[in-house]
Amino acid sequence: MTRIKRTLIILCVLLICVGCDQVTKTVAKQRLPKSGVIRLLNDTLRLQYTENPGAFLSFGANISEKERYWVFTLSAGFFLSGMLIYLFMTRNLNQNQTLALSLVLGGGLGNLIDRIFNEGRVVDFMNIGIGSLRTGVFNVADIAITLGIIWFLFISVKSGNNG
């Protein structure tokens with residue numbers, strides 16, 4: 001893959017991920033009730049506004065604000081910066097690997113923007129499930145991160161079986 005093609009893929013995925021994430025979070029902030037749940041598709045999808053000071057499934061939400069800042073804002077910022085450099089500098093990534101890692105980076109940047117501009121909290125607003133079997137509350141950035149990780153793992157396992 002040429003350097004120009006790789007750069008375009010990375011930039012397009014980042015723009016789409018961060019853009020969609022930030023737009024949906026803005027709409028959630030403005031339109032969703034601060035308390036209460038909107039139930040859609042026979043309660044398969046719930047829209048409920050929440051702000052998460054922790055990580056995935058509120059992990060780390062109970063540590064001090066200063067520790068959360070170091071772990072979830074500064075450390076994440078350094079990690080995402082390293083990931084961006086890796087994506088641009090590594091020549092042996094194929095198109096699928098580049099797309100998958102760009103999704104992870106785009107989602108991570110979307111959540112990092114929240115932490116920087118929302119007092120260390122990430123806006124979450126979606127929950128899916130059936131009956132009592134439900135996900136945690138998440139956002140578009142979380143979807144991008146999850147899809148990117150699953151896609152990258154699938155690619156890695158598939159290429160490992162071929163070689």
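Here is a chat between a reader and an author about how the terms used for this structure apply to it.

Reader: What kind of model is this, and how are residues numbered?
Author: It's a predicted model, where local features need pLDDT of at least 70, side-chain atom pairs count only at pLDDT 80 or more, and totals for chains, interfaces and linings use all residues. Residues are numbered from 1 along each chain as its sequence is written, and side-chain values use heavy atoms, with hydrogens and water left out.

Reader: What makes something a helix or a strand here?
Author: Both are DSSP runs numbered from the N terminus: helices are H or I with at least four residues, strands are E with at least two. Helix 2, for instance, covers residues 65-89 and has 25 residues.

Reader: How do you know how the strands are arranged in the sheet?
Author: Two strands pair if DSSP finds at least two bridges between them. Six bridges join strand 2 (residues 45-52) to strand 3, and two bridges link strand 3 with strand 4 (residues 133-134). The four strands make an open sheet in the order 1-2-3-4, with antiparallel pairing. Strand 1 (38-40) and strand 4 each have a single partner strand, so one side of each is left without a neighbour in the sheet.

Reader: Which residues are bridge partners of Glu51 and Gly129?
Author: Glu51 is matched with Val123 in strand 3, while Gly129 has Arg134 in strand 4 as its partner. Strands 3 and 4 also form a hairpin with two residues between them, and Gly131 in that turn has a positive phi of about 60°.

Reader: Why is Arg46 called buried?
Author: Buried means under 20% relative accessible area, exposed means over 50%, and partly exposed is in between (1.4 Å probe, protein chains only). Arg46 has 18%, so it counts as buried. This residue sits in strand 2.

Reader: What makes the link between Arg46 and Asp43 a polar contact?
Author: The term asks for a pair of N or O atoms within 3.5 Å; within protein, one must be able to donate a hydrogen and the other to accept it, and residues adjacent in sequence count only if both atoms are side-chain atoms. The side chains of Arg46 and Asp43 make such a contact at 2.8 Å. Arg46 also touches other residues, among them Phe125, Met126 and Arg134; contact means heavy atoms within 4.5 Å.

Reader: Is Ile130 buried or exposed?
Author: Ile130 has 68% relative accessibility, so it counts as exposed. It belongs to strand 3, where seven of the nine residues are buried. The C-alpha atoms of Ile130 and Thr44 are 5.6 Å apart, although 86 residues separate them along the chain.

Reader: How do you know that helix 2 has close to its expected span?
Author: The expected span is 1.5 Å times one less than the number of residues. Helix 2 reaches 35 Å from its first C-alpha to its last, close to the expected 36 Å. There is a bend of about 30° at Ala76, which is the angle between axes fitted to the seven residues ending there and the seven starting there. Buried residues of helix 2 include Phe72, Leu80 and Leu87, and what covers the buried ones includes helix 1 (3-31) and helix 3 (95-117).

Reader: Why is helix 3 called largely enclosed?
Author: In helix 3, 17 of the 23 residues are buried, so the rest of the structure largely encloses it. Helix 3 reaches 32 Å, close to the 33 Å expected. At its N-terminal end, Asn94 is the cap: a side-chain oxygen lies 3.0 Å from the backbone nitrogen of Asn96.

Reader: What is notable about phi at Asn42 and Glu119?
Author: Phi of Asn42 is positive, near 55°, in a residue other than glycine. Glu119 is not a glycine either, and its phi is also positive, about 55°. Asn42 lies in the loop between strand 1 and strand 2, and Glu119 in the loop between helix 3 and strand 3. With 77% relative accessibility, Asn42 counts as exposed, and Glu119 is exposed too, at 65%.

Technical notes
Lists of a residue's contacts leave out its neighbours within four places in sequence.
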